[in-house]
Structure formats: C-alpha cells, structure tokens
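The following exercises concern the packing of helices and the state of cysteines in one protein chain. Each task is followed by a solution in steps.

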Amino acid sequence: MCSPNDIAVLRAIFHPNAPFGDDDDQSAVKTEGEADQDKDFPPALLDQVNNLERCGIKAAESGNPKTAVQSFSEAIALLPERPSAYNNRAQALRLQGDITGALQDLDKAVELSGGRGLAGRQALVQRGLLCRLQGDNEAARKDLQRAAEQGCSFAKQQLVLLNPYAALCNQMLRDMIQKLKEPDTHG
C-alpha cells in the first residue's frame, strides 16, 4: 500500500508536467487581506463584473477568445482597479496569440494585486509560464517563486522543472523504473 507521499512522488515521475497535488489554490496560504480583497468595491458593480468574467470564461472555454476578450475588457472598464479581469483577459489574449498584450495585462494584474491573493498568484504563475516559453528562465523563476511562497503547488512544481538537476534526476528515475517494468530479455 502506497502512502499519499509515495503516490505524489510516482505521479511526479510519470507525469512530470502535471501539477502536484490538488492545485485549486485552496491549499495556498491565505495572505493578509485576501479574504476581503473585494470589500471596497460596490456590491452591485462587483456582481456585474463577476457576471462579465463568467461570460468571458465560458466564451474562452467554448473556443471563442475574441468574445472572451470583449467580456473581460468590459469588466475592466467597470472596475479597472480589480486584478481578476486583467488576469483572465491575459489568458484569452494568449489564446489569440497576443503574447505582448497578455504580458501587459499580467503586469497590471500583479501590480494591482501586489502579487497576492488568488488573482495575484494566478497572474504570477501565468506570467512565469509565458516568460519560460520565451526563454527567460530567470524572470520565470522569480514569478514562480513568489507564487510558490504563497503555497501554490503548481508554481512549486514548475520551479522543480526549471531546475536542470531535478529534471535529469527525474529522467534517470523514469528510465530506471521503465527498465524494471521491461527487464532485458537478451541476456
């Protein structure tokens, strides 16, 4: 019988690009003020913005990033001080291939959130991944480290992937386990 830790290690070995654990950010450390980060916004306006964001998310999931960008832009126009819609619009812009626009929105989301709270962690992770795709591993490492310090397990896993020694060790371990599964029958 495997312990939960053993299962997590095996999952990391066989699925190196999958996030560790249940990364719905519920395991993330709550930062000061996160619980009431929307308290200063008028409730009716916040409801309207949340509805626009939900519409944008549905549009993006349905393969319509242009409509998603429009919904998120409307949400931003209503509450430009709230980081969530910038983070969401960045995802839709990335789906459209607009990496520059996505990075600008992520910069704004990080600025507004201070890199804290759910929107801040998500923006840091997303920006870190885009930096990594662009070959800027140092910038990626900084953003992922900030998100990991707040308890984001996906960011922690990405930091491991950025470590060339960890990647080599994981590859060697996978090879060894593969050989154990398929013993050499030639002698």
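**Exercise 1. Identify which residues of α3 and α4 meet, and classify the contact.**

Solution. In this predicted model, the residues on the α3 side are P65, A68, V69, F72, S73, A75 and I76. Their partners in α4 are A85, Y86, N88, R89, A92, L93 and L95. Sorted by class, the residues of this contact comprise eleven nonpolar, two polar and one charged.

**Exercise 2. Determine how the axes of α3 and α4 are oriented.**

Solution. Two packed helices are described by the angle between their axes and the distance between the axes. Helix α3 covers residues 65–78 and helix α4 covers residues 83–95. Their axes come within 9 Å and cross at roughly 160 degrees. Angles over 145 degrees count as roughly antiparallel; therefore α3 is roughly antiparallel to α4. The handedness completes the description: α3 and α4 form a left-handed crossing.

**Exercise 3. Carry out the analysis for α6 and α8.**

Solution. Begin with the geometry. Helix α6 spans residues 117–133, and helix α8 spans residues 153–162. The two pack at an angle of about 20 degrees, and their axes lie 11 Å apart. Since angles under 35 degrees count as roughly parallel, α6 is roughly parallel to α8. The crossing of α6 past α8 is left-handed.

Next, list the contact. From α6 come V125, L129 and R132, which meet F154, A155, Q158, L161 and L162 of α8. By class, this contact of α6 with α8 holds six nonpolar, one polar and one charged residues.

**Exercise 4. Establish how many disulfides are counted, and whether C55 and C152 are buried or partly exposed.**

Solution. A disulfide is a covalent bond between the sulfur atoms of two cysteines. Here a pair of cysteine sulfur atoms must lie within 2.5 Å to be counted, and the count comes to zero disulfides. For accessibility, the cut-off for a buried residue is under 20% relative accessible area. C152 has 3% relative accessibility and therefore counts as buried. C55, with a relative accessible area of 45%, is partly exposed.

**Exercise 5. Describe the chain as a whole.**

Solution. First, count the elements: the chain has nine helices and zero strands. Read from the N terminus, the order is α-α-α-α-α-α-α-α-α. Second, consider burial: of the 187 residues in the chain, 37% are buried. Third, consider contacts between residues at least 6 apart in sequence: 57% of these join residues at least 24 apart.

Note on methods
Residues numbered from 1 in each chain as written. Predicted model: local features only at pLDDT ≥ 70, side-chain atom pairs only at ≥ 80, totals over all residues. Heavy atoms only, no water. Axes fitted to C-alpha atoms, helices over the stretch in contact; angles between N-to-C directions. Helix = DSSP H or I, 4+ residues; strand = E, 2+ residues; numbered from the N terminus. Parallel < 35°, antiparallel > 145°, perpendicular 65-115°, else oblique. Left-handed = near helix turned anticlockwise from the far one by under 90°. Contact = heavy atoms within 4.5 Å. Nonpolar A, V, L, I, M, F, W, Y, C, P; charged D, E, K, R; others polar. Buried < 20%, exposed > 50% of the residue type's maximum accessible area, 1.4 Å probe, protein only.
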